[in-house]
Amino acid sequence: MKKLVFKIASAILIVASSTVESSAQTRKTEIITDKNKLLKLRTDVERNPDSLSYHQKYIEAMGLENPKVTQQYAVWMSKFPKNANIPYAIAEAYLGEEDPKAKSYLLKAVEINPSFSDAWAGLWIDGERWGDFKLANSYLKKATETDPSNPSYAFYYANSFYNNDKETYEKLSLDVVSRFPSSERGAQALYWLATRSNDPLTKRKYYEMLKKKYSPQDFNWSASGMPQYFELLLSHDPASALSLAKEMESKESGEDRQWQAHVDLADRIVKAKNLLKEGKVTDASEVLDNIKLSRRSRFGNDLILLKAQAAHVGGNTLAAYESIIKAFVTAPTVRLMDAIKMYGKMIGKDDADNEANIFSKIDAQSELATPFIGLKRYLNEGTASLSDFKGKVLLLTYWFPGCGPCRGEFPHFENVIRKFTGKDVDYVGINIVSRQNDYVVPFMKSTRYSFTPLEDVEGRNKGNLDNGGAAPVNFLIDKNGYLTFSDFRTDGDNEEDLELMINLLLRKKS
């Protein structure tokens with residue numbers, strides 16, 4: 001029996017990405033009502049039951065929500081009882097729509113054909129949405145065993161150990177690199193090994209391995225990793241960052257040339273640091289003041305601290321102190337707080353003084369959060385409104401079960417939130433995709449995550465709590481209902497920053 005080719009790439013990316021914002025969109029298709037055309041499409045499927053393209057054309061013509069589709073597939077499964085491609089075809093359609101109805105058809109497909117690797121992979125993707133990660137991982141293992149030559153399955157199986165078994169995760173990821181030296185998945189494995197490491201030397205080792213084994217000119221994941229490698233070097237070894245930027249710039253071609261800007265940035269940082277060493281503070285400050293970072297740059301804190309250092313060396317420690325506080329209240333980090341304490345001590349300010357200065361600026365920029373009212377609760381009867389959480393610091397996230405980046409962020413939120421058990425902190429997740437409601441309660445029961453899940457209402461006024469239709473999007477609201485921090489993400493590198501923000505708001509006086 002021929003096996004269908006599973007269009008798995010986009011679905012897999014949704015499951016695994018921790019940096020991309022995702023939103024569920026219903027596939028727009030043109031419904032066909034002409035009986036003769038529908039008869040032909042139905043006949044095409046019956047003559048070619050192993051052809052995914054014929055199945056797709058039929059389902060799209062009928063409309064996946066049309067009850068006649070499931071009725072027809074019940075007929076076909078009865079007519080072709082040993083053909084696993086029949087249940088798989090409709091399962092694939094539901095899977096693409098992140099629809100819970102995919103599960104039963106996928107299970108039927110592997111019951112008929114236990115070697116159906118694509119169906120096992122589909123069960124893995126669907127299992128992640130139900131929140132049963134252990135079961136989902138067992139499905140993914142089946143996919144790797146039934147198709148050991150598939151680099152995608154090997155990569156994601158390795159990736160599945162990241163949260164629970166770092167040693168196995170690293171070992172299996174390096175095995176992907178060894179087994180698939182010409183695949184993007186090998187490059188992707190090194191990219192994530194480097195990105196997820198908390199140790200600068202380990203990060204550097206893996207980024208350098210990525211560059212050598214997978215040419216950035218030939219592999220997209222390597223090309224994506226080089227700007228991050230550049231910023232790592234820029235923070236710890238600017239001269240090497242400059243060398244990397246020049247090397248990458250020399251190999252660029254076409255109109256979309258980006259590395260010259262990196263060359264200019266590294267050159268300015270090297271010059272500024274050398275000028276500071278030479279005591280030429282005015283010249284160093286001028287160089288630093290003329291640096292404009294891109295919105296996505298991770299060098300922001302480094303630049304803030306360099307400018308503060310220049311002000312301090314120039315004899316204006318108060319300006320250094322105030323500049324860091326200004327940056328901190330917009331995007332708090334432990335690193336910036338440490339600098340506030342350091343410069344504060346130099347000018348005679350203690351922790352109480354520092355927090356008073358921070359809170360005065362937070363109060364100046366905070367505004368009442370736009371209330372959500374009467375959103376349905378999933379785990380018990382009734383509704384919830386923002387006012388129900390007054391008196392608590394509230395972590396609010398927008399999510400949906402099919403959102404891979406949301407699922408990637410939840411364990412890090414959980415690590416932080418559990419430190420505040422018994423304190424005035426609440427955690428709410430608003431599901432923005434109601435058609436995935438069937439996933440929500442099983443997801444919560446399987447994961448035992450501590451957030452309160454609520455269902456969003458389409459078209460409501462979200463005001464300053466607007467997620468723009470995307471997820472994950474996160475907000476921190478203080479005990480009096482004021483929106484204080486937003487536009488932040490939490491991962492393995494910065495859990496302590498979220499903990500810092502919550503502690504600040506707990507100490508904040510009414």
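**Figure 1. Strand S7 sends Val473, Phe475 and Ile477 one way and Asn474 and Leu476 the other way, and all are buried.** The model shown is predicted. S7 covers residues 473-477. The strand is mostly covered, with five of its five residues buried. The alternation of side chains along S7 puts Phe475 with Val473 and Ile477, while Leu476 points the other way with Asn474.

**Figure 2. S7 pairs with strand S4 and with strand S8.** S4 spans residues 393-399 and runs antiparallel to S7, with five bridges between them. Two facing pairs can be picked out in this view. Leucine 396 is opposite phenylalanine 475 of S7. Tyrosine 398 is opposite valine 473 of S7. S8 comprises residues 482-486 and is joined to S7 by three bridges, again in the antiparallel sense. Here phenylalanine 475 has serine 486 of S8 as its bridge partner. Phenylalanine 475 thus appears in both pairings, facing leucine 396 and bridging to serine 486.

**Figure 3. Four residues lie between the strands of the S7 and S8 hairpin.** Glycine 481 of this hairpin adopts a positive phi, near 85°. The strands that flank the turn are S7, ending at residue 477, and S8, starting at residue 482.

**Figure 4. Eight strands form an open sheet with mixed pairing.** The strand order is S1-S8-S7-S4-S5-S6-S2-S3. S1 (367-368) and S3 (383-384) are the edge strands, and each has a single partner strand, so one side of each lacks a neighbour in the sheet. S7 sits between S8 and S4 in this order. The sheet is set within a chain that has 23 helices and eight strands.

**Figure 5. Helices H21 and H22 lie across strands of the sheet.** H21 (residues 404-417) lies across S4, S5 (425-431) and S7. Its direction makes an angle of about 165° with S4. H22 (residues 437-447) lies across S2 (375-377), S4, S5 and S6 (452-455). Its direction makes an angle of about 175° with S6. S4 and S5 are crossed by H21 and also by H22.

**Figure 6. Phenylalanine 443 of helix H22 is buried, at 0% relative accessible area.** What surrounds this side chain, leaving aside neighbours within four places in sequence? Phenylalanine 443 is in contact with Glu128, Arg129, Trp130, Gly131 and Phe133, and also with Trp399, Arg407, Phe410 and Tyr449. Glycine 131 is 312 residues away from phenylalanine 443 in sequence. In space, their C-alpha atoms are 4.1 Å apart. The 0% value is under the 20% cut-off, so phenylalanine 443 counts as buried.

**Figure 7. Cysteine 403 and cysteine 406 form a disulfide.** The structure holds one disulfide. The sulfur atoms of cysteine 403 and cysteine 406 are 2.3 Å apart. The torsion about their S-S bond is about 80°, so the disulfide is right-handed. Both cysteine 403 and cysteine 406 are buried.

**Figure 8. Serine 183 lies in the loop between helices H10 and H11.** H10 covers 166-179 and H11 covers 184-196. Is serine 183 buried or exposed? Its relative accessibility is 14%, which is under 20%, so serine 183 counts as buried. Not counting residues up to four places away in sequence, serine 183 touches Pro151, Tyr214 and Phe219.

**Figure 9. The axes of helices H15 and H17 cross at roughly 25° and come within 11 Å.** H15 is residues 259-277 and H17 is residues 300-313. An angle of roughly 25° is under 35 degrees, so H15 and H17 count as roughly parallel. The crossing is left-handed. H15 contributes Ile269, Lys273 and Leu276 to the contact, and H17 contributes Leu306, Gln309 and Ala310.

**Figure 10. The whole chain gives the setting for the close-ups.** Along the principal axes, the C-alpha atoms fill a box of roughly 85 × 60 × 45 Å. The chain has 510 residues, of which 51% count as buried. Taking contacts between residues at least 6 apart in sequence, 66% join residues at least 24 apart.

Notes: Residues numbered from 1 in each chain as written. Predicted model: local features only at pLDDT ≥ 70, side-chain atom pairs only at ≥ 80, totals over all residues. Heavy atoms only, no water. Buried < 20%, exposed > 50% of the residue type's maximum accessible area, 1.4 Å probe, protein only. Helix = DSSP H or I, 4+ residues; strand = E, 2+ residues; numbered from the N terminus. Pairing = 2+ DSSP bridges. Contact = heavy atoms within 4.5 Å. Axes fitted to C-alpha atoms, helices over the stretch in contact; angles between N-to-C directions. Disulfide = S-S within 2.5 Å. Parallel < 35°, antiparallel > 145°, perpendicular 65-115°, else oblique. Left-handed = near helix turned anticlockwise from the far one by under 90°.
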